[in-house]
Amino acid sequence: MKDNAKMNAGQMASPSYRLAAMDQDFLLGDSMRGVRFLMEYAKAEEALRAWGVRSTIVVFGSARIREGQRWYDQARAFGRLASERGGALRGSVGEPRDNVIATGGGPGIMEAANRGAVDAGAPSVGFNITLPHEQEPNAYSTPELTFRFHYFAMRKMHLAMRANALVVFPGGFGTFDELFELLTLRQTGKAPPIPIVLFDKSYWTEIINFDALARHGMIADRHLDLMGFAEDAEGVWAELLRRGLRPHEDIE
């Protein structure tokens, strides 16, 4: 009996005996990468559905901008007015929310847009990413809608899949990455024709010569109209409407 007990103890201590769902070494192994992708999709999807988030307005921009700077203040103003006018404040039991502010969840412009939603009393989404130098979520995204992803691809998918519009404030490499991802999806017809508005035309036309891309034949002339420009929060909202954004009262 004692020998059997010793043998059983060894078997029960073996990693192979752990329940698969409880075996972190197994779940974090190479063979489970696809499962981890699915888990990152499903966890955020479940929470967004529970909050009735049917559509979003995605706001990108630099994490380096601080309160008191024009870009920050206008991003905050836009987060508020979009939340008030777009349908994020709806949401009695069973009623969906539309055009909810969604950001990358970090500081700077992302914080400002989430903060504007708080000013309006509306929920907002923060899609954070794990980075070598740990990113912490800003204090203004709704806690139950503040997510952290390991995979950039899954984070980008969640940012894009509910987006009714994209508003891009000045930023650097990360902002360019997200902007050109969405422009490519629009250009190739892999995403619905959502309006894209860039804030502060002077910044964007100095940093990126879009006209030269068309002149050299790298894009078609018509692709220059994939985006518009605006100079203040009200102008962003007006340009989104002009380009087809549907406020909540128009969404069936």
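This tour moves through a predicted model, stopping at selected salt bridges and the residues that form them.

Begin by selecting R115, which sits in helix α5, the element spanning residues 109–120. With a relative accessibility of 13%, R115 counts as buried, because that value falls under the 20% cut-off. Now display the surroundings of R115: leaving aside residues up to four places away in sequence, the residues it touches are E67, Y72, R76 and Y140.

Of these contacts, select E67 next, and look at the salt bridge between E67 and R115, in which the closest N and O atoms are 3.1 Å apart. E67 belongs to the loop between β1 (56–60) and α4 (70–86) while R115 belongs to helix α5, so this pair ties together parts that are 48 residues apart in sequence.

Move then to D225 and R243, whose salt bridge has its closest N and O atoms 3.2 Å apart. Here D225 lies in the loop between α9 (210–215) and β7 (228–230), and R243 in the segment after α10 (233–242), so the parts tied together are 18 residues apart in sequence. D225 is exposed, with a relative accessible area of 52%.

Returning to R115, add R76 and D119 to the selection along with E67: salt bridges that share partners join E67, R76, R115 and D119 into one network.

For a last stop, select D23 and R18, whose side chains meet in a salt bridge at 3.0 Å, N to O. D23 is buried at 8% relative accessible area, whereas R18, at 39%, is partly exposed. Should you wish to continue, the structure holds 18 salt bridges, including those visited here.

Terms used: Residues numbered from 1 in each chain as written. Predicted model: local features only at pLDDT ≥ 70, side-chain atom pairs only at ≥ 80, totals over all residues. Heavy atoms only, no water. Helix = DSSP H or I, 4+ residues; strand = E, 2+ residues; numbered from the N terminus. Buried < 20%, exposed > 50% of the residue type's maximum accessible area, 1.4 Å probe, protein only. Contact = heavy atoms within 4.5 Å. Salt bridge = Lys/Arg side-chain N within 4 Å of Asp/Glu carboxyl O.
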